[in-house]
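Welcome, and thanks for taking a look at this one with us. Here is a short briefing to read beside the structure, arranged by topic.

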Amino acid sequence: MRSFVPSEGYSEVSGVPVAQALRTVLVNGGGGFLGSHLCERLLQHGHRVICLDNFSTGRRANVDHLASNTRFHIVEHDVRQPFDIEASLIFNFASPASPPDYQRDPVGTLLTNVLGAVNTLDCARKTGAIVVQSSTSEVYGDPIHSPQHESYCGNVNQIGPRGCYDEGKRSAETLFFDYHRTYGVDIKVGRIFNTYGPRMRLDDGRVVSNFIVQALRNADLTIYGDGQQTRSFCYVDDLIEGFLRFSAAGSACNGPINLGNPTEMTVRRLAEIIRDLTNSRSRIVHLPAVTDDPRQRRPDISRAMAELDWQPRIGLETGLARTVDYFDGLLAGTEKAEVV
């Protein structure tokens with residue numbers, strides 16, 4: 001019988017497997033926002049962690065505090081190129097994830113997701129590793145059904161400016177399930193809904209980081225469109241907990257599984273909450289809508305609740321307060337450096 005290590009913050013859930021027996025874990029994109037939190041939690045569980053990243057959008061600063069740990073290793077590498085690393089568990093978190101990042105190099109984004117999936121799956125096939133794919137709610141496109149259940153095939157514009165990311169992730173899911181059916185690779189596919197928290201970049205370009213940085217600077221809070229489009233925001237610790245539980249589930253539990261917070265709100269309401277939380281003097285202003293911007297995002301997490309005994313536990317205002325503190329410190333350091 002496998003031994004499991006309880007996850008910090010979830011110890012009250014007795015008997016729930018949240019991390020497998022100590023092992024070597026490869027985290028592709030481990031220098032990114034989500035990947036760095038995952039590396040940190042895996043080390044806390046006692047695993048040996050290999051962080052693979054080319055640091056195109058990830059940052060070394062995200063994992064600097066882990067460098068002194070002898071069980072942590074960095075491999076600078078682009079997942080678009082083949083790699084052969086011995087690990088018994090692989091998390092594939094390597095991809096630009098914010099619209100400014102993935103639209104800056106759309107061809108590179110598509111190839112990162114497709115070739116990155118192939119190379120990751122080939123590595124898992126050689127080593128016999130369990131491989132976990134970080135997919136996205138963007139596979140649902142601009143949905144006509146809400147909440148979005150995993151059985152919904154989506155409404156994606158494959159030739160639009162977001163197609164490089166949306167279709168890249170959709171193609172990666174296809175590859176994962178085909179490798180599973182054809183070669184018997186032990187896969188798991190988790191679909192991430194909007195996630196926020198410390199270690200997001202100042203220039204990340206996603207709505208939470210945009211609003212917080214603008215509010216702290218008392219600049220205009222810029223909403224694209226009428227602000228009535230909805231999102232569901234999950235704090236990073238909750239999301240990582242979901243992936244740890246998913247990775248520890250049996251081989252029959254391979255997804256896809258939605259991982260996100262089902263509490264839905266308008267982008268306009270989010271702007272108001274952040275403005276109030278930061279005591280900002282910012283105005284809320286509206287800019288032209290973005291092409292193919294989804295009108296609605298809300299995950300159906302019934303599968304995650306049933307199969308992983310998981311649901312988000314950190315409330316929005318608690319998570320936002322932690323994130324504001326992070327950006328406040330980041331801005332103070334950045335602006336002090338600029339003055340010097």
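A residue is called buried when its relative accessible area is under 20%, exposed when over 50%, and partly exposed in between. By that rule, the buried residues of helix 5 are Val208, Ser209, Phe211, Ile212, Val213, Gln214 and Ala215. Please keep in mind that this is a predicted model.

**Overall shape and make-up**

- The chain folds into nine helices and 13 strands.
- How does the radius of gyration of the chain compare with that of a compact globule? For 340 residues a compact globule would come to near 20 Å, and the chain has 19 Å, so the two agree.
- Measured out along the principal axes, the C-alpha trace extends over about 55 × 45 × 40 Å.
- Among contacts with a separation of 6 or more, 81% join residues 24 or more positions apart.

**Surface and charge**

- Buried residues make up 55% of the 340 in the chain.
- About 14300 Å² of the chain is accessible surface, and carbon and sulfur atoms hold 49% of that area.
- The chain carries 35 positive and 40 negative charges, and the mean positions of these two sets are 1 Å apart.

**Annotated domain**

- An unreviewed UniProt entry annotates residues 25–259 as "domain: NAD-dependent epimerase/dehydratase".
- Within residues 25–259, helix accounts for 36% and strand for 20%.
- The C-alpha atoms at the two ends of this span are 21 Å apart.

**Cis peptide bonds**

- Most peptide bonds are trans.
- Which residues does the cis bond with omega of about -5 degrees join? They are serine 146 and proline 147.
- Proline 147 sits in the loop that runs between strand 5 (130–136) and helix 4 (163–183).
- Another cis bond leads from glycine 255 to proline 256, with omega near 0 degrees.
- Proline 256 belongs to the loop between helix 6 (236–248) and strand 11 (257–259).

**Helix 5 and the asparagine that follows**

- Seven of the 10 residues of helix 5 are buried, which leaves the helix mostly covered.
- Just after helix 5 comes asparagine 218, whose phi is positive at about 55 degrees.
- Most residues other than glycine have a negative phi.
- Asparagine 218 lies in the loop between helix 5 (207–216) and strand 8 (221–224).
- Is asparagine 218 buried or partly exposed? Its relative accessibility is 30%, so asparagine 218 counts as partly exposed.

**Asparagine 279**

- Asparagine 279 also has a positive phi, near 50 degrees.
- Its place is the loop between helix 7 (267–277) and strand 13 (284–287).
- Asparagine 279 counts as exposed because its relative accessible area is 68%, and the cut-off for that class is over 50%.

**Aspartate 178**

- Aspartate 178 is part of helix 4.
- With a relative accessibility of 33%, aspartate 178 is classed as partly exposed.
- How far apart are the C-alpha atoms of aspartate 178 and tyrosine 102? They are separated by 25 Å, and the two residues lie 76 residues apart along the chain.

How values were computed:
Residues numbered from 1 in each chain as written. Predicted model: local features only at pLDDT ≥ 70, side-chain atom pairs only at ≥ 80, totals over all residues. Heavy atoms only, no water. UniProt positions renumbered as here; feature names shortened; annotations may be inferred. Helix = DSSP H or I, 4+ residues; strand = E, 2+ residues; numbered from the N terminus. Rg over C-alpha atoms; globule rule 2.2 N^0.38 Å. Buried < 20%, exposed > 50% of the residue type's maximum accessible area, 1.4 Å probe, protein only. Contact = heavy atoms within 4.5 Å. Areas by Shrake-Rupley, 256 points an atom, 1.4 Å probe, with all protein chains shown as cover. Lys, Arg positive; Asp, Glu negative; His and termini not counted. Charge placed at Lys NZ, Arg CZ, Asp CG, Glu CD.
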